[in-house]
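Me: I have a structure open and want to go through its charged pairs and its packing. Can we take it step by step?

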Amino acid sequence: MAPNAPGIIIRTPLEGKMFLLYLELRGTMVEMTSRETNPNFMNGVPELLVLRLLEDAEMYGYEIVQAIRDRTDAVIVVGEGVVYPALHSLERAGALKSRRKTVAGRSRIYYSMKPAGSRRLADLAAQWTSLAGAIQKTLAGGQHGNVVA
Amino acid sequence: MATWLRELRERLLRAGVAPRHVRRYLTELREHWSDLTAEEERAGRNRAEAETLALARLGRLDDLARIMIERPELRSWTARAPWVVLGTGPVLGLAAGWGMALLILWSGWTWFLGGSQTPFVPVHGFAIAYFGVGRMLYYTAPLLTGWGMILLAGRQRVRAVWPVILGALVVALLGATGAVDVRPPVVPGDTGDVGIRFFPPASQLADAAGHALLLFVLVTLPYLVWRWRSSRSDFEPQ
């Protein structure tokens, strides 16, 4: 594993492989690598995590990354720079709003949730809950068909 | 600005990411880097080590550039459609500038010269300044519009020459052939109409051509200087 590569690093090997398998089967992932990081995979996960965190409080990038690490007990480590493109895209899509604030001489750009962001979070959360359920079912020896449907 | 941030900025702009997103991204990364450096220093590392580790945690330059470039929604219109933006932008800019100049001319005619057959008569007092603003706007609009277009192309690091040439030509031709057209009032005491006409009489074609050439050179000069400087620059993306 490349510890400093940006992107999502899933520290539980089996779960990581299952997610990568899912993405490959869905055609989301273009190429399979031996690393447990995947740029395409990042596209959805940082958005989900960011929206969930911003639902509670206004935050800036560094805080968001620390919060993801803390709340997932470092199981999911987001490449520190990757949250920003996600934040910009979410703001452009109307899900977030931003404001610049100078705190102790530092220029901080704080992001907060808009109503469209809440709707998007609900959609993404439902999607990932369904996925997690399907993977759990697969791990427990259930049906495989639901995973790639 | 740190070298890696400068390099990242050039890569993103050349790839078409909108300058406002690039500017904000760099600010956020710079601040994040400072936070990470402080965190590493608190963990007992010296400044140099802390900065290196912080940079590694932030991500590789290639990845920081790629994840931004891969999002088409963050691209600017200048990068998406340079022909449209640089071709029609000057027309809109010139229309706005000249529209404002004509409004000043017409309103000044109404307020200061009621009943006059033309606004081009000697004026006094505040009217001199009022008409002066309109006149300055009228004469500088082509140049300001052209330079605005060059600034737009330069900010986005547009490498394609032809859209810029097209925009400069549009500015030069419109700017050189356009002239204020004044029609006296039909009813005595009213104000007449003002407008712009684009077809100079044959006797003035040589003057118009010279004016167009001058405008074209003045508009493209900053662009040529920028291209020359960037081609001489030692900066090479890694």
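Me: How many salt bridges does a search of the whole structure find over all chains?

Reply: The search finds 27 over all chains, a salt bridge being a side-chain nitrogen of Lys or Arg within 4 Å of a carboxyl oxygen of Asp or Glu. This is a predicted model, where local features need pLDDT of at least 70, side-chain atom pairs count only at pLDDT 80 or more, and totals for chains, interfaces and linings use all residues. Residues are numbered from 1 along each chain as its sequence is written, chains are lettered from A and ligands numbered from 1 in the order in which they are written, and side-chain values use heavy atoms, with hydrogens and water left out.

Me: Which side chain meets A:Glu80 in a salt bridge at 2.9 Å?

Reply: That is A:Arg69, with 2.9 Å from N to O. A:Glu80 sits in the loop between β2 (76-78) and α5 (83-92) of chain A and A:Arg69 in helix α4 (residues 61-71), so the pair ties together parts 11 residues apart in sequence. Helices (H or I, at least four residues) and strands (E, at least two) are DSSP runs, numbered from the N terminus.

Me: Is A:Glu80 buried or exposed?

Reply: A:Glu80 counts as buried, at 2% relative accessibility. A:Arg69 is partly exposed, at 22%. Buried means under 20% relative accessible area, exposed over 50%, and partly exposed in between (1.4 Å probe, protein chains only).

Me: And what does A:Glu80 pair with in chain B?

Reply: A:Glu80 forms a salt bridge with B:Arg57, the closest N and O atoms being 3.2 Å apart. The pair crosses between chains, with B:Arg57 in helix α3 (residues 47-58) of chain B. B:Arg57 is buried too.

Me: Which residues are linked with these in a network of salt bridges?

Reply: The network links A:Arg69, A:Glu80, B:Glu39, B:Glu40, B:Arg45 and B:Arg57. B:Arg45 and B:Glu40 meet at 2.6 Å, N to O. B:Arg45 is partly exposed at 35%, while B:Glu40 is buried at 9%.

Me: Switching to packing. How many residues has the largest nonpolar core?

Reply: It has 51. A nonpolar core is a set of buried Ala, Val, Leu, Ile, Met, Phe, Trp, Tyr and Cys residues joined through side-chain atoms within 4.5 Å. Among those with the most contacts inside it are A:Ile64, A:Leu87 and B:Tyr25. Helix α3 (residues 45-56) of chain A gives the largest share, seven residues.

Me: What does A:Leu87 touch?

Reply: Leaving out residues up to four places away in sequence, A:Leu87 touches A:Val50, A:Leu54, A:Ile64, A:Leu96 and A:Tyr111, where contact means heavy atoms within 4.5 Å.
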